[in-house]
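Welcome! Here is a short tour for anyone meeting this structure for the first time.

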Amino acid sequence: MRPLAEQRSGESRERGGTLLSALTIDGVSRTFAGARGGQPVEALLPTTLAVDDNDFITILGPSGCGKSTLLRIVAGLDMPSRGDVQLDGHRVGGPGADRGMVFQSYTLFPWLTVVENIKFGLREKAMPAARQAEIAAHYVDKVGLAGFEHHYPKTLSGGMQQRTAIARALANEPRILLLDEPFGALDNQTRSLMQELLLSIWESERKTVLFVTHDIEEAIFMANRVIVMTARPGRIKAEVAVPLAHPRHYTIKTSPEFSALKAELTEQIRVEALKTAGPGA
Amino acid sequence: MTPLAPVSGTRKVALGLAFFALFVLAWSVATFGGLVSKTFLADPLTMLREGVALFTQFGFAKDVGITIWRVFGGFILAAVVGVPLGIAMGAYKPVEAFFEPFVSFARYLPASAFIPLLILWAGIGEMQKLLVIFIGSFFQIVLMVAVTVGATRRDLVEAAYTLGANASGIVRRVLMPSAAPAIAETLRLVLGWAWTYVIVAELIGASSGIGHMITDSQALLNTGQIIFGIILIGIIGLISDLGFKRANRALFPWSIN
């Protein structure tokens, strides 16, 4: 159907062989058709990024910079206008269990309890019930929801819902975990606790993570690499390594190294935010 | 009174009953006070006496049973065919594009206008009564179910996809459970309408049922029986509605606020 796309994918697979990255984003761009015959909107300019095993990469950018679009393309929920995404050398053609996702909006299934939500993906795989229960119990424990297994989502706080959503994504054992501003709707205190929780899970389980955020502190605290994006149309502006040692304690946020990184990224993001805000801002 | 301020439970019940009392009072004044001729409107006591006579002397219980059977028979037939079709239309856009224009057109066809045609086709037996209810309920159910399923939260569908669900998993484990409470609510609503169709069906070409009794009583100018029949339909409708509400609440505890 798309001969050119096929050709491109074959070409980059060869390159993928030498890169040895878990995930390769190769020249991915996205243009949305204009509404009612208007001008097409460029959301994302060609973007190339390699994510290695056990990477924790945060994508930092101002609102509307296309960072969520990029993540949705990796998840297979949106298709790139050009370029392609490969996971372990296989071209991504749609959503799948190998790329677990946690959304900013609360997406627990309201008709399922906490533990049934966590088992959702396992059930889809037709895993034996005993094994499902075992895995679910492990992750309930891991995200600190013991005692709430049989609660419906509507009875949970926002933080607890997102913890369940993380457990649900992890229980599926995805190759890579994608998070789209998962803590964006939470209050500051809950947000900090959730960052520590996610970081400790990553430190103990060594997952590969791609995390989208507009919060600078959040981006530094959890990542080993921060990708800074420009204002719309988005592209990668800078890549900043975070050489802070693990395990990271929350007190690291007040260290001089952290502050220096924060100052650098604040400057980068400020320029972009000013562009979005327009003249006179 | 403050706008939107809630009303306490007991006060709410008292207010609701008060209107019923007021209604019966106005009716009593009009009839006992001689404001309206007894030929056209029976008084409440005559109505009750006639009602008792219907059950004790005329075997009215059998008519009531038959009417209930017809309503539920036609309604269940419509639901068994209509709900799956509605789900298919809500889930798959080509299926919707195929059926939706016709169903939208058909739902404005008045079920009662089909009665003469249905008598030609199916006679004056039970099949004809069931078909009237079926035609009156089916198209409404299909459309409302399709809209409900089609309005499923997209982020839940996307979450299910990223958890490895395929198309059939999306339909059976996301769209259907998500839409279930609203579908049950649709059925409750349509059952209420089915009660109006059954009486119309029984007014024409029937030899049993509440509607038949009402036509008979009209010939005899027995307004007491007519009013009793109407009130009885209201009461049965209210009971089935309450039963449906209870069942929905028990079945879908997760959806109640």
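Let us begin with a helix: α8 (residues 256–277) of chain A lies across β3, β9 (225–229) and β10 of chain A, running at about 180° to β10(A). Axes here are lines fitted to C-alpha atoms, for helices over the stretch in contact, with angles from 0 to 180 degrees between N-to-C directions. Helices (H or I, at least four residues) and strands (E, at least two) are DSSP runs, numbered from the N terminus.

This is a predicted model, in which local features need pLDDT of at least 70 and side-chain atom pairs count only at pLDDT 80 or more, while totals for chains, interfaces and linings use all residues. Residues are numbered from 1 along each chain as its sequence is written, and chains are lettered from A and ligands numbered from 1 in the order in which they are written.

**Chain A as a whole**
- Chain A has 8 helices and 10 strands.
- Its C-alpha atoms fill a box of roughly 50 × 50 × 45 Å, taken along the principal axes.
- Of the 281 residues in chain A, 44% are buried (20 or more other C-beta atoms within 10 Å of the residue's own, against 12 or fewer for exposed and in between for partly exposed; C-beta atoms are placed from the backbone).

**The sheet in chain A**
- An open sheet of 6 strands follows the order β6-β7-β8-β3-β9-β10 (chain A), with mixed pairing; two strands pair if DSSP finds at least two bridges between them.
- At the edges are β6 and β10 (236–241) of chain A, each pairing on one side only.
- Strands β3 (residues 56–60) and β8 (residues 209–213) of chain A run parallel and are joined by 5 bridges.
- Leu60(A) stands opposite Thr213(A) in β8(A).
- Helix α5 (residues 158–171) of chain A lies across β6 and β7 (176–180) of chain A, at about 175° to β6(A).

**The nonpolar core**
- The largest nonpolar core (buried Ala, Val, Leu, Ile, Met, Phe, Trp, Tyr and Cys residues joined through C-beta atoms within 7 Å) has 130 residues, of which Leu60(A), Val74(A), Leu210(A) and Ile133(B) touch the most other members.
- Helix α6 (residues 126–150) of chain B gives this core its largest share, 15 residues.

**Where the chains meet**
- Chain A brings 22 residues to the contact and chain B brings 14 residues; residues are in contact if their C-beta atoms, placed from the backbone, lie within 7 Å.
- On the side of chain A that touches chain B, β6 (99–102) and α3 (114–124) of chain A each supply at least two residues.

Notes
Contact = placed C-beta atoms within 7 Å.
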